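Let's take a walk through this model together. Have the chain up on your screen and follow along as we go.

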Amino acid sequence: MNPYNAISEDVKLGQNVRLSKFINLYGCEVGDETKIGAFVEIQKNASVGKSCKISSHSFICEGVVIEDNVFIGHGVTFTNDSYPRATTAGGALQTESDWKVERTLVRKGASIGSGATILPNTCIGENAIVGAGSVVTKDVLANSVVAGNPAKFIRYIEEPTATASAPAPIPFLDLITPHRELEKELSLAFRQSLDTASFIGGPTVEGFEKDFAAFCEVDHSVAVSSGTDALRFALMACGIQPGDVVLTVPNTFIATTEAISQAQALPEFIDVDEQTYNLSPTLLQSYLEQQCVRDQDGRLLSLRSGRPVTAVIPVHLYGQMADMDPILDLANEYGLTVIEDACQAHGAQYFSKNQNRWIKAGSMGRAAAFSFYPGKNLGACGEGGSVTTNDAGIAKQVRMLRDHGQTKKYYHDMEGYNGRLDSIQAGILRVKLAHLERWNAERRERAATYNSLLADNLALQLPHEPSWSRAVYHLYVVRTTDRDALIQYLNMAQIGTGIHYPIPLHLQKAYNFLNYTVGDFPVSERLAAEILSLPLFPHISESQLERVANEVLASTSSSSRKAPEGPNAPLVSAGSTV
Ligand SMILES: Cc1ncc(COP(=O)(O)O)c(C=O)c1O
């Protein structure tokens, strides 16, 4: 034993532990193959696992448990008392019985940089990395990188470390990284609102409206409080009357039909196309020809409800365009108002043969609705939405509807709603809008990578992008008849997935009153049973895409694979409105 070391007899040293000089160990345990640098102290009831590296001058106090394969840099300090005092209330020096040790756990494979301080009652997750000089005040997620004082989440680790036993989880959606990237600009936008006390309306909202109108290539964008309100206001401003029938698809988020009901109209469904998953123009045509009649005034009536059919809402779901030329032609022929639900399609483009040019989503109908829900391609840090239109009258009407029906303060031409976008969100959206083209291009590239990695798999149907569509891949949705097994498999591999959406709207309880039944819309019903959204967001890395694709391929080629066991929390987010 090295004569410079103080190692008490109660220390349990494993096989082949390598010790430098000037080490002080008592009452602790050290696992096999671990290396301990000079001037390290490890106190009683602390334990260090196998194959760890504890660098010089680190202090590991009572109550600290360090699992296997952990790296501790130089001068790392652990603590075990949140409120240390030298003396008791009576003034005597404290003894051991005067305080209770608070514990700290460092899970296997983690690394703690030099000079870090770890406060007690914390757990540093498996394979996590704590930056040098950080002060850890709360639990650190497995496979994450934290830094600073107090240590904050920076990102997940993409590549598993050499010592890692499990690869890093892949979230379904990463909303943290883009906000970190833009933190300075976003904070500035927030500060501007604080400095000017401009919270509702004003130049920031107007500026964003101008920018978003230019982005969508329309004359007007009216910012509102959500995509749902955008749809409702668009319907009302377009003159849809209480009791009118508005046509849409069963394969969409419920907000589409909620808005129809909120405008006091009645939804009726047309099934989607088997390839695009969006409104089928062929089925729209058969509906108009076979399920409607004209009354003596020439109004188009639904045979199902006897109500006048006045509008149709094609939804550009998942960022894929609905086939707009034939839809617009039919609408024209039958006198229907077209309102686009572009809530998932900021920047998507359609090649119109009628106009012989590419046209942006949100600029083709009489009006369109966008959502700025945080997970959308353009998302606020809260709620938001916009109505876009080339019709100045509709824009004016929506401006009134969103603001209590007033034309100027306290002059109300009608009753309206409180449906404005606040100016903090407008400022944030304006910052983000400048990055939307790039993010959309990145989404398209990531989707192309998935397409090529998953191409040869017969068990999977990949997203179909017709030649007339430039999708923006709000979601990357695959289709498989063995979806549950795939979800379980990806769950086990810590890969997040979603189902958009698990129950077609005509079969939702909320629409029992419409009296649809199973079998009414077979394509939407099959989709609901087979679709699965894989992780896709601008910041997902090549290696993450490869891992997802490999796991998908492994799952779909191993139908005999066992169902997962153990405590993996489900990562599937059925029906979330990302
Ligand atoms: C297709 C579709 N329509 C409408 C909405 C409603 O948007 P919001 O959540 O902003 O009200 C959403 C978003 O959730 C959507 O995905």
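Start where two helices meet: T204, V205, G207, F208, D211, F212 and F215 of helix 3 are in contact with S423, A426, G427, L429, R430, L433, L436, E437 and N440 of helix 9. Contact here means heavy atoms within 4.5 Å, and helices (H or I, at least four residues) and strands (E, at least two) are DSSP runs numbered from the N terminus. Sorted by class, this contact has eight nonpolar, five polar and three charged residues. In that sorting, Ala, Val, Leu, Ile, Met, Phe, Trp, Tyr, Cys and Pro are nonpolar, Asp, Glu, Lys and Arg are charged, and the others, Gly among them, are polar.

Before going further, a word on ground rules. This is a predicted model, where local features need pLDDT of at least 70 and side-chain atom pairs count only at pLDDT 80 or more, while totals for chains, interfaces and linings use all residues. Residues are numbered from 1 along each chain as its sequence is written, and side-chain values use heavy atoms, with hydrogens and water left out.

Back to the helices. The axes of helix 3 (residues 203-216) and helix 9 (residues 423-453) come within 8 Å and cross at roughly 25°. That makes helix 3 roughly parallel to helix 9, a label for angles under 35 degrees (over 145 is roughly antiparallel, 65 to 115 roughly perpendicular, and the rest oblique). Axes are lines fitted to C-alpha atoms, for helices over the stretch in contact, with angles from 0 to 180 degrees between N-to-C directions.

Now for the cysteines. How many disulfides are there? The count is zero, taking a disulfide as a pair of cysteine sulfur atoms within 2.5 Å. For C123, the nearest cysteine sulfur is that of C52, 14 Å away. The sulfur of C292 can't bond because the closest cysteine sulfur, in C238, is 19 Å away. C292 is buried at 8% relative accessibility, whereas C123 is partly exposed at 22%; buried means under 20% relative accessible area, exposed over 50%, and partly exposed in between (1.4 Å probe, protein chains only).

C238 turns up again beside T337, which sits in strand 28 (residues 337-341). Leaving out neighbours within four places in sequence, T337 touches C238, I240, T310, A311, V312 and R366. T337 is buried, with a relative accessible area of 15%.

Finish at P374, in the loop between strand 31 (367-371) and strand 32 (385-389). P374 is partly exposed at 24%, and beyond four places in sequence it touches L175, G379, A380 and G382.
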